[in-house]
2 protein chains.
Amino acid sequence: MGLVTDFELRHLAAMAAIAEEGSFGRAAARLGYTQSTVSQQIAALERAVGGPVFDRPGGPKPVRLTPLGSVVLNHGRELLAKAEALADAVDRFKAGDGRIDIGTFQSVSNVILPSVIRRLRDEHPGCDIRLSEEEPEQPRIGDLDLLFYDGRIDGDVEHLKLLDDPYLLVAGAGTFPAGPVPLEQLDGAPMVAWPLTCDQPWMEQALAGSGARPQVVFRTAVNDTLLSMVRAGLGSAVLPWLAIRGADVSSDDRLRVHGLRPSLPPREVYLHWRAGRTHSPLAGRAIELAVEVAAELAPPPASA
Amino acid sequence: MGLVTDFELRHLAAMAAIAEEGSFGRAAARLGYTQSTVSQQIAALERAVGGPVFDRPGGPKPVRLTPLGSVVLNHGRELLAKAEALADAVDRFKAGDGRIDIGTFQSVSNVILPSVIRRLRDEHPGCDIRLSEEEPEQPRIGDLDLLFYDGRIDGDVEHLKLLDDPYLLVAGAGTFPAGPVPLEQLDGAPMVAWPLTCDQPWMEQALAGSGARPQVVFRTAVNDTLLSMVRAGLGSAVLPWLAIRGADVSSDDRLRVHGLRPSLPPREVYLHWRAGRTHSPLAGRAIELAVEVAAELAPPPASA
DNA sequence: GCGACTCAATCGTGAAAAGCGATGGTTTCC
DNA sequence: GGAAACCATCGCTTTTCACGATTGAGTCGC
């Protein structure tokens with residue numbers, strides 16, 4: 001195992017150059033070294049492998065590989081190729097062509113991420129972006145570079161608030177008069193809603209705290225299905241602005257979006273990453289873009 | 001291109017050890033270095049790649065790869081594997097498990113080489129022996145490690161005489177009385193012989209010089225065919241002892257082997273190799289074995 | 001909170017080596 | 001025989017390597 005580090009890439013590079021040029025001196029010139037330096041590098045290499053790698057005929061005859069030299073050089077070229085691949089990979093990484101793993105959830109996937117990803121791919125066509133929308137009970141950073149989540153996360157995590165996402169009421173056209181809807185009118189009203197994960201229990205508690213205990217007649221995590229149910233007259237829905245914006249509600253005659261009075265505390269959308277972790281250039285840029293896109297979305301209407 | 005030699009295998013080895021151990025200090029212990037040394041190695045590596053490869057949380061927490069570090073280490077492991085492969089290949093080479101290219105010709109292929117190769121393979125089961133029996137007008141060393149040839153070779157070649165190979169007469173039983181055959185009895189006699197390559201013209205000139213101008217009725221390079229023709233009564237053959245020994249002539253009632261009077265100058269079998277060329281251990285051993293085998297064959301009978 | 005502990009970075013030092021220029025010894029070609 | 005091309009070697013300077021001791025940052029247990 002100790003043998004592995006006995007030769008150095010520099011020596012192999014010198015050897016390859018000599019093999020191509022046929023001369024220590026020309027190889028030295030090509031590499032920007034002195035002839036004596038190259039000579040010593042080969043001497044060191046020969047010490048490391050335990051035998052001569054070149055036959056030196058003397059005079060103007062070109063040097064020739066020994067059998068041992070052939071063995072060394074054949075492997076050496078592969079090594080140098082790998083080394084160059086490493087250097088290339090580092091360069092590409094620093095140019096932003098790396099891999100990035102992003103955790104997300106429905107609303108962000110629909111509204112914010114598409115713009116972020118489009119811009120990221122425009123800037124870095126070679127990058128490898130991976131999304132995962134698994135949202136277990138306990139959202140974990142795991143090996144993700146970035147995680148969008150509507151709330152704080154425990155653990156060693158840094159965070160950044162992207163936007164306040166106010167809760168709005170979506171109802172069938174004609175269910176309520178235009179304008180903000182007083183919360184007490186929702187008491188006992190039929191509603192469709194998300195499952196009791198994420199912020200949902202907290203939101204329903206907030207509703208209840210204002211005296212509104214609606215009757216939830218259907219739960220699903222799929223926003224489009226919820227809105228279809230509202231369209232079908234099954235009930236209304238209290239949803240964050242982002243979730244509504246994702247579907248094309250404004251162009252639908254059968255739906256109306258109302259503010260709430262008093263308004264509920266907004267859902268807060270955060271972007272998280274592992275604390276103390278050095279960002280890849282790609283991740284750093286993704287954060288900037290996410291902030292940018294979130295700002296372009298704002299200001300979310302306080303009421304409608 | 002300059003970037004390639006900016007990092008060193010030693011640094012990558014340190015990095016890999018750290019990644020596995022989770023700590024600079026333990027990695028240092030494993031590698032036989034001091035913690036401070038490893039720390040500086042990583043610092044050098046980070047200078048070379050232009051960014052940190054580990055996040056150091058501080059305290060007893062294990063260090064973690066940065067995204068850049070993952071890129072470097074993924075390639076680095078391949079590099080280390082290649083380096084180890086190189087070291088292995090060198091070791092195997094020095095142990096004799098290399099490749100050897102040998103040029104040969106019929107008589108040697110039949111009589112000497114089988115023993116040489118058998119012993120070589122016994123000693124070095126992993127070795128890669130390649131034979132080529134092409135015998136152009138001008139036998140060239142080319143990229144061969146060793147070349148058997150019945151004569152001298154021009155060029156930068158060292159040589160070693162393996163044995164004197166006397167010419168003998170093979171005739172059908174009863175063609176000549178037992179014992180050496182006077183050369184003049186061959187004058188005008190029907191004969192089968194090799195084509196006029198190699199030493200053949202020289203040998204026939206030697207015959208002619210002694211007053212024997214036989215009538216060559218058939219030429220082929222294949223010894224067995226020649227002997228079949230002799231058996232069939234087409235004529236006799238003057239062949240070197242090695243060529244006769246290759247076939248099982250002594251156990252054949254229809255053939256007789258005679259000496260010649262006066263005897264012709266023997267064919268000389270040489271082993272050649274490129275001058276000034278460092279031998280592989282395998283080639284060196286092959287030379288020794290060839291000498292050994294040739295000596296075991298001797299003394300070739302001056303007459304029969 | 002407050003030490004005790006673990007860990008990496010840093011500093012100073014001595015040894016090793018990398019690289020350079022100059023010189024010397026060989027071989028080939030004219 | 002002399003010039004030219006070539007590699008090895010020597011003395012020298014500068015850089016790097018590796019070490020031990022110390023410092024500073026962070027965690028855990030009480």
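This passage describes the pairing of two protein chains, their surfaces near two DNA strands, and the packing of selected residues in a predicted model. Residues are numbered from 1 along each chain as its sequence is written, while chains are lettered from A and ligands numbered from 1 in the order of writing. Because the model is predicted, local features were accepted only at pLDDT of at least 70 and side-chain atom pairs only at pLDDT 80 or more, whereas totals for chains, interfaces and linings use all residues.

Chain B superposes on chain A through a rotation of 180° with 0.0 Å of shift along its axis, at an RMSD of 0.1 Å, the fit being made by least squares on the C-alpha atoms of residues with pLDDT of at least 70 in both copies. The two copies are thus related as by a two-fold rotation axis, and the same surface serves both, since 100% of the contact residues of chain B recur in chain A. Here 37 residues of chain B are in contact with 38 residues of chain A, contact being taken as C-beta atoms, placed from the backbone, that lie within 7 Å. On the side of chain B that touches chain A, two or more residues are given by each of α1 (9–21) and α4 (67–94) of chain B, where helices are DSSP runs of H or I with at least four residues, strands are runs of E with at least two, and both are numbered from the N terminus. The largest share of this side, 19 residues, comes from α4(B). Its residues divide into 20 nonpolar, nine polar and eight charged; Ala, Val, Leu, Ile, Met, Phe, Trp, Tyr, Cys and Pro count as nonpolar, Asp, Glu, Lys and Arg as charged, and the others, Gly among them, as polar.

The largest nonpolar core, a set of buried Ala, Val, Leu, Ile, Met, Phe, Trp, Tyr and Cys residues joined through C-beta atoms within 7 Å, holds 62 residues, and those touching the most other members are Met15, Val53 and Val72 of chain A and Met15, Val53 and Val72 of chain B. A residue is buried if 20 or more other C-beta atoms, placed from the backbone, lie within 10 Å of its own, exposed if 12 or fewer do, and partly exposed in between. Beyond its neighbours within four places in sequence, A:Val72 is in contact with A:Met15, A:Val49 and A:Val53, as well as with B:Leu86 and B:Val90.

DNA strand C is surrounded by 23 residues, the closest being A:Gly58, A:Gly59, B:Phe24, B:Ser36 and B:Ser39, where a residue is near a strand if its C-beta atom, placed from the backbone, lies within 6 Å of it. The surface near DNA strand C comprises seven nonpolar, 14 polar and two charged residues. Around DNA strand D there are 25 residues, of which A:Phe24, A:Ser36, A:Ser39, B:Gly58 and B:Gly59 come nearest. The largest share of the surface near DNA strand D, six residues, is supplied by α3(A).

In α2(B), the buried residues are B:Phe24, B:Ala27, B:Ala28 and B:Leu31. Viewed down the axis of α2(B), these residues fall within an arc of 100°, so they line one face of the helix, the arc being that of the directions from the helix axis to the C-beta atoms. Their cover includes α1 and α3 of chain B.

Conventions. Contact = placed C-beta atoms within 7 Å.
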